[in-house]
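Student: Could you take me through one part of this protein slowly and carefully? I would like to look closely at the charged side chains, and at where they sit in the fold.

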Amino acid sequence: MNFQGDTRTWEEVTQVGDRPPTCCNFPVAVARGSMYVFSGQSGAKITNSLFQFNFQEKCWTRISTEHILRRAPPPPARRYGHTMVAFDRYLYVFGGAADSTLPNDLHCFDLETQNWSVLKPSFDSQVPSGRLFHAAAVIGDAMYIFGGTVDNNVRSGEMYRFQFSCYPKCTLIEDFGKILRNRLFCDVEFVVGSEEVTIPAHIAMVAARSQWLRNKIRKARSIRERHLEKVFGTTEVLEKNLPILRVDLSDSVPEAFQMVLNFVYTDHIDPTEKIEQPVCIRIVLLIMDVYRLAEQFHMLRLEELCMQYLEVAISHCNVLEALHNASKLQLSCIKEYCLKYIVNESNFNQIVMSKEFETLEQPLMVEIIRRRQMPHVRSQFEPRFEDSGTTLEQDMELFLNTSGKEFTDITLMLDGIPVPAHKAILAARCTYFEGMFRSFMPDDNIVNVGSLTVQKPDHSDPTLTCPQVREPIEWRGSSSRSSSYFFSTRILYIPSPVVLHHWHPLSSINGQAQALCFFRSAHT
């Protein structure tokens with residue numbers, strides 16, 4: 001319903017799109033020209049879906065990110081009687097009743113990355129207890145909550161303030177993704193598939209994320225050095241005369257390898273970026289090829305994400321084709337999952353009576369029948385991910401501290417001190433270096449950036465914003481050897497440390513009238 005202020009009348013709004021179910025005890029927040037509704041109670045059912053209503057288009061959308069392969073926390077548990085407020089680019093959800101419990105975690109949804117996260121309070125915070133049917137409002141740069149029902153149906157008169165952190169967004173993933181798309185300063189070409197498709201990339205990024213690919217790059221370097229020795233009589237050749245490094249991956253599928261590269265740079269994959277239907281058989285088969293490469297490249301994190309996606313995407317319609325492909329590619333874990341899916345009591349009859357089953361290879365038919373007779377036998381090929389792998393940030397930090405020096409391709413002179421670094425990473429993370437490398441690049445790859453002194457700020461803020469770096473940098477001292485190296489490299493490879501958020505209790509407010517006056521003033 002829409003209330004017309006001029007005529008003081010209500011009118012029904014014509015809505016389109018994926019509407020939320022009829023429900024009650026849910027919160028609403030407005031941000032960026034849209035209204036957001038999260039969870040709520042619908043009859044006997046409670047959901048944990050987030051819906052967006054665009055005021056201009058008058059269209060509902062269920063915000064779904066299940067098709068994106070990334071290691072992201074799940075949304076908050078289904079609940080009712082909670083609150084949700086908007087601040088900056090975030091939605092904050094607190095409290096409510098979730099499966100007969102009253103959690104006091106503060107959940108945050110990033111409207112740009114569409115990621116949920118749980119905010120960790122600072123060690124000196126006094127976090128309010130879990131509650132439902134409380135009130136929440138944003139005043140300035142803080143959220144205030146008041147009242148609610150706590151344990152044993154006790155009505156609370158407490159008020160708490162949550163101080164938001166207003167630091168610039170970390171752009172690590174966006175920066176690395178941009179340099180991959182723009183193909184700036186690429187220094188390696190992967191020759192992929194039988195058709196020898198050339199896919200450019202950056203040695204530093206690939207070497208940081210996969211030890212298997214790092215060894216392939218080392219072998220390709222040795223081949224190039226032997227070639228240089230034969231042609232020029234030396235391996236010390238100017239960069240302009242240096243042939244680009246070529247790495248052969250003839251047994252890979254180009255489209256799948258490109259998706260692996262996207263994961264290398266951004267830590268996630270969106271299979272529907274070029275294909276609209278998120279669970280069509282083409283995407284299922286493509287993700288299986290990605291899984292095969294993840295196994296080959298020893299990228300455990302990507303393996304687990306592919307398995308999670310396939311477990312959601314495989315259905316009655318595509319499981320037989322997925323089984324055939326898994327058998328063909330010798331993907332034992334995926335084949336085992338398909339077999340378990342087929343012999344499941346609720347799936348078996350429908351699948352074996354389908355036309356697709358009639359054309360299945362005889363060895364696979366036999367395996368299905370035998371598995372049906374012994375469905376509880378545990379296979380050695382069942383996927384077990386005891387370790388969820390490493391993140392982009394963890395890999396970059398390890399690369400910076402260990403093998404990264406082997407792949408440096410540029411030397412920065414800071415106050416006469418040489419600092420080895422990686423051209424592509426510097427250009428991706430800092431506009432100063434990108435402009436420098438575009439306009440001027442000496443033959444010896446030594447760049448004098450002059451004196452670089454960072455002055456400590458007067459206030460106690462642990463971060464300092466550099467106008468040329470795309471995110472805050474942590475203060476570590478003046479322009480000594482260690483701090484120069486820290487400034488020029490570490491802050492560009494690794495994002496700023498996690499900022500802790502602070503809860504603070506205020507004096508209890510007794511009486512609903514006082515609370516109502518307070519929250520009225522918050523919105524005027």
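Tutor: What follows is a close look at the salt bridges, with the helices and loops that carry them.

The model in front of you is predicted, and it is worth setting the scene before going to single residues. The protein contains 16 helices and 27 strands, and of its 524 residues 46% are buried. Among contacts between residues at least 6 apart in sequence, 63% join residues at least 24 apart. No cross-link between cysteines appears, as the structure holds 0 disulfides, whereas a search of the whole structure finds 16 salt bridges. In general terms, side chains of opposite charge can pair when their charged atoms come close.

Let us begin with helix H4, which covers residues 254-266. With 13 residues at 1.5 Å a residue, helix H4 should span 18 Å, and its end C-alpha atoms are indeed 18 Å apart, so the expected and computed values agree. The buried residues of H4 include Phe257, Leu261, Phe263 and Tyr265. Just after H4 comes Asp267, which takes a positive phi of about 70°.

Asp267 is also a charged partner, for its side chain meets that of Arg209 in a salt bridge, with 3.0 Å from N to O. Asp267 lies in the loop between H4 and strand E21, while Arg209 belongs to helix H2 (residues 203-209), so the pair ties together parts that are 58 residues apart in sequence. Both Asp267 and Arg209 are buried. The pairing also extends beyond these two residues, since Arg209, Asp267, Arg301 and Asp395 are linked in a network of salt bridges.

A second buried pair can be found by turning to helix H1 (residues 172-182), whose buried residues include Leu172, Asp175 and Phe176. Asp175 forms a salt bridge with Arg429, and the closest N and O atoms are 2.8 Å apart. This pair links distant parts of the chain, with Asp175 in helix H1 and Arg429 in helix H13 (residues 423-429), 254 residues apart. Both Asp175 and Arg429 are buried. Just after H1, Arg183 takes a positive phi of about 55°.

Now consider a pair in another setting, where the side chains of Arg78 and Asp99 meet in a salt bridge of 3.1 Å from N to O. Arg78 lies in the loop between strands E8 and E9, and Asp99 in the loop between strands E10 and E11, so the pair ties together parts that are 21 residues apart in sequence. Arg78 counts as partly exposed because its relative accessibility is 40%, and Asp99, at 46%, counts as partly exposed too.

Finally, look at a charged residue without such a partner, namely Arg292, which lies in helix H5 (residues 281-296). Arg292 is buried yet has no salt bridge, and the nearest side chain of opposite charge, Asp289, is 4.3 Å away. Because a salt bridge needs the nitrogen within 4 Å of the carboxyl oxygen, the distance of 4.3 Å to Asp289 does not count as one. Leaving aside residues up to four places away in sequence, Arg292 touches Asp251, Ser252, Val253, Leu329 and Leu331.

Note on methods
Residues numbered from 1 in each chain as written. Predicted model: local features only at pLDDT ≥ 70, side-chain atom pairs only at ≥ 80, totals over all residues. Heavy atoms only, no water. Disulfide = S-S within 2.5 Å. Helix = DSSP H or I, 4+ residues; strand = E, 2+ residues; numbered from the N terminus. Buried < 20%, exposed > 50% of the residue type's maximum accessible area, 1.4 Å probe, protein only. Lys, Arg positive; Asp, Glu negative; His and termini not counted. Contact = heavy atoms within 4.5 Å. Expected span 1.5 Å × (residues − 1).
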